[in-house]
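Dear colleague,

I am handing over the structure below, and I would be grateful if you could look it over alongside these notes. My findings follow directly after it.

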Amino acid sequence: MPTEGHFRRKVDGVKMKRMLTGNAAASWGARVSDVDYVCAYPITPQSEIVETLSHWVAAGSLKARFVNFDSEHSMLAAAGAASLTGARVFTSSSSQGLVYGLENLYSIAGWRAPLVLVNVSRGMGMPMVLQVEHGDVLAARDTGFIQLHAETCQEVLDLVLMGYRVAEDSRVLLPVIVNMDGFILSFARESVDVPETRAVRSFLKHYSRPRPLLGLEGEPVVYAPTTTDGEVYAFYKRQLHESSLKSREVFLEAAEDFANIFGRRYGTTEEFMTNDADTVIVTTNSYSSNIRAAVRQLRGTGEKVGMLKLTMLRPFPRREVAAALRHAERVAVFEQNLAPGRGAIIHPEVVEALYHSTEKPKVVASFVGGIGGMPVGTGEVRAMLRKCKELESGGDPGRPTLLYSMASWAKMKKYLDVAGVHAEDTQENVTVGPKH
């Protein structure tokens, strides 16, 4: 039962409600975190973040150094170096930009530089699309960055604060990516509680540089030198891995403090109607809102369906995933990515989390939907339930089913007709059915 003091702290933690885009919420997250250094390079749909921060720095409402770089690669190198000097660093990117700087993501994590990077997910390569796909952020999943994924604009702001709290903890000292969906969230306006700086200070202390720039005799200290010994390299990589695993515990501690101060509670995962569900949809990011609404609607028709949202993707919350899914008969892993030659990326991680459980679902099926911004709703969830039941009788649940609504498939067939291709020749593993 919350005490009166507990309630007062929660009320005091909210300064103002604003209608903000996801991009603006990310900017406010950096502002109330009192960042010292902002590294920028604009790219759609992320540009609004750095434009907003640039305006605030120029106006004096954010006391920080703002530097616009000539590329994402140099931007990320500077961000990591600045973090090592003791500055609280914020940066952001998207799609091609994040991948252009991929080399430096490994370096930043290896330097143990605790900065926060907001990524606005967008499709990559050709054919070009500006709407959401998670291939960009998942390409960075093994760099050493901790990954937190936001469903709403409020979560974008909150996860920036929690990202600094986790990254700067002496048990972790690793950089954090906070991910949001391009266009669906980056330009969607929602009501967001922007906390006052005083409340944030009670959650996120002033960043104190954990490592000296000078040695005991005043000599310069070198970080991240080259090592030619495998023993040193292996030991260092192991330490990085252990720190990443430790971040899960630190995140949960931070989440408890966050809930006490601001009244919003986060976990590495979020369960919705999973207790008695025979089928659970695993999802991430903004499409979780659509799937939650569909689950609620289908419950009204007698379908025993639930949802498991992954907020933390690195480290992967194996324990929570296994616990949430162990009683389900069927699991549908719904994702916005497609790795050619493999399939969807998160599906095998869910399967691995369940592999050693004594209780496990009969089917763990892979679905790809919403990539390129295609709509997802009750029809797609109903189609996943139907496909999961079919797979109980045979088939390859690891081969991803690409979800199309009837309207989207009709649109695609017109393009195929123009190209002189018979749609029936391409329809294998394309699930069509939702009537919208």
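What follows concerns one helix pair, the pocket and cavities, and a few points of backbone geometry.

Please keep in mind throughout that this is a predicted model, and that residues are numbered from 1 along the chain as its sequence is written.

I begin with the packing of two helices. Helix α8, which covers residues 153-167, packs against helix α10, residues 230-262, at an angle of about 125 degrees, and their axes are 9 Å apart. Angles of 65 to 115 degrees count as roughly perpendicular and those over 145 as roughly antiparallel, and α8 and α10 are therefore oblique to each other. Their crossing is right-handed. On the α8 side the contact is made by D158, L159, L161, M162, R165 and V166, and these meet S247, V250, F251, A254, A255, D257 and F258 of α10. Sorted by class, the residues of this contact comprise 9 nonpolar, 1 polar and 3 charged.

Helix α10 also has a part in the largest pocket, to whose lining it gives the largest share, 7 residues. This pocket has a volume of about 600 Å³ and is lined by 22 residues, with H241, S244, L245, P315 and F316 lying nearest its centre. The elements that contribute two or more residues to the lining are α10, α12 (318-325) and α13 (346-355). As for its character, the lining of the largest pocket holds 11 charged residues, together with 7 nonpolar and 4 polar ones.

Turning to enclosed space, a search of the whole structure finds 2 cavities of 30 Å³ or more. The largest cavity, with a volume of about 40 Å³, is lined by L138, R141, L313, R314, F316, I345, I346 and E349. Two or more of these lining residues come from each of β12 (312-314) and α13. By class, this lining has 5 nonpolar and 3 charged residues, and no polar ones. You will notice that F316 appears here as a lining residue of the largest cavity, and that F316 is also among the residues nearest the centre of the largest pocket.

The second largest cavity holds about 30 Å³ of space. Its lining is made up of H134, L138, H149, T284, N285, L313, E335, Q336, N337 and I346, which divide into 6 polar, 3 nonpolar and 1 charged. Among these, L138, L313 and I346 line the second largest cavity and are also found in the lining of the largest cavity.

Finally, some details of the backbone may deserve your attention as you go through the model. The peptide bond from R314 to P315 is cis, with omega near -5 degrees, and P315 is found in the loop between β12 and α12. Both partners of this bond have already been mentioned, since R314 lines the largest cavity and P315 is one of the residues nearest the centre of the largest pocket. A cis peptide bond also joins M126 and P127, where omega is about -5 degrees; P127 is located in the loop between β5 (116-121) and α7 (135-139). Lastly, S95, a residue other than glycine, has a positive phi, near 45 degrees, and S95 lies in helix α5, residues 95-100.

With best wishes

Definitions and conventions
This is a predicted model: local features need pLDDT of at least 70, side-chain atom pairs count only at pLDDT 80 or more; totals for chains, interfaces and linings use all residues. Side-chain values use heavy atoms; hydrogens and water are left out. Axes are lines fitted to C-alpha atoms, for helices over the stretch in contact, and angles run from 0 to 180 degrees between N-to-C directions. Helices (H or I, at least four residues) and strands (E, at least two) are DSSP runs, numbered from the N terminus. Angles under 35 degrees count as roughly parallel, over 145 as roughly antiparallel, 65 to 115 as roughly perpendicular and the rest as oblique. A crossing is left-handed if the near helix is turned anticlockwise from the far one by less than a right angle, and right-handed if clockwise. Contact means heavy atoms within 4.5 Å. Ala, Val, Leu, Ile, Met, Phe, Trp, Tyr, Cys and Pro count as nonpolar, Asp, Glu, Lys and Arg as charged, and the others, Gly among them, as polar. On a 1 Å grid over the protein atoms alone, a cavity is a set of points where a 1.4 Å probe fits but cannot get out, and a pocket is an open set with protein on both sides within 12 Å along at least five of seven lines; lining residues have an atom within 4 Å of a point. Grid points are joined across faces, edges and corners, and a volume is the space filled by probe spheres set on the points.
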